[in-house]
Amino acid sequence: MKQSLPRELEKHLKKKCLSLLSYYQPEWENESEGLKNSKLSHLSAQMDNEKKRAESLKESSRENSVLLQRQTQLYLSEQIKCIQLLQSLILDHRLRIQTDLDRKKLDYFEGKCELVLQKIKTEMVEIQLDTEKLSSDLKASQVEKHSVELKLASFEMLGKDFEALADEYCRLRQEIEVNTWALKEFTQCKDK
């Protein structure tokens, strides 16, 4: 058993090595046993090369990963700068538009205020004219009142005889007006 175990182990390892060889170089699978054995002697060196290549690729991958992270950070940093610039431009544009809108509103309200002031001035002039007219009417009424009071005072001095005379005068005036009207009507009927 001691003698057969190393042979079995060697066969088993050789089988594993051949399957590894056919994995790495599938084109050698149909080749002769001697050529395969020759290739197995170089398998160790080939595996070392593959291992070095894998480590090199791993290191390259690591470097690429670090580079990618740096580029991503740089990209994100540039994106943030662009967003901040865009926000600044939007704010500046909004402020410019807001200033224009405020100027238009101010012009509108100034115009409206001027119209209201003009209307108030017109109303003030009308009120002043009305006040002057009322003042002149009041003065005229006061003058007329004073005149009537003077006449009344002079009539009161004349006494009751004057009152009877005034009544007679009023009656005669009415009679004259009636007769004048009748005469006018009679003349008009006669002319027809």
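**Exercise 1. Compare the chain's radius of gyration with that of a compact globule of 192 residues.**

Start with the yardstick: for 192 residues, a compact globule would come out near 16 Å. Now take the chain in this predicted model: its radius of gyration is 65 Å. Next, check the box around the C-alpha atoms, which along the principal axes is roughly 185 × 45 × 35 Å. Finally, look at burial: just 3% of the 192 residues count as buried.

**Exercise 2. Work out which secondary structure elements the chain has, and in what order.**

Count them up and you get four helices and zero strands. Walk along the sequence and the pattern reads α-α-α-α. One of these helices is α3, which spans residues 43-158.

**Exercise 3. Find the residues behind the nonpolar surface patch of about 470 Å², then place L117.**

The patch is made by V116, L117, I120, M124 and I127. Pick out L117: it sits in helix α3. Its relative accessibility is 49%, so L117 counts as partly exposed. For the wider setting, the chain's accessible surface comes to about 18000 Å², with 60% of that belonging to carbon and sulfur atoms.

**Exercise 4. Decide how many disulfides there are, and classify C82 and C170 as buried, partly exposed or exposed.**

A disulfide needs two cysteine sulfur atoms within 2.5 Å. By that rule, the count is zero. On to exposure: the partly exposed class lies between 20% and 50% relative accessible area. C82 has 47%, so it's partly exposed. C170 has 45%, so that cysteine is partly exposed as well.

Key: Residues are numbered from 1 along each chain as its sequence is written. This is a predicted model: local features need pLDDT of at least 70, side-chain atom pairs count only at pLDDT 80 or more; totals for chains, interfaces and linings use all residues. Side-chain values use heavy atoms; hydrogens and water are left out. Patches are made of residues with over 30% relative accessible area and no salt bridge: like charges are joined within 9 Å, nonpolar side chains (Val, Leu, Ile, Met, Phe, Trp, Tyr) within 5 Å. Accessible areas come from the Shrake-Rupley method with a 1.4 Å probe; for residues, only the protein chains shown count as cover. A salt bridge is a side-chain nitrogen of Lys or Arg within 4 Å of a carboxyl oxygen of Asp or Glu. Helices (H or I, at least four residues) and strands (E, at least two) are DSSP runs, numbered from the N terminus. Buried means under 20% relative accessible area, exposed over 50%, partly exposed in between (1.4 Å probe, protein chains only). The radius of gyration is taken over C-alpha atoms; the globule rule is 2.2 Å times the number of residues to the power 0.38.
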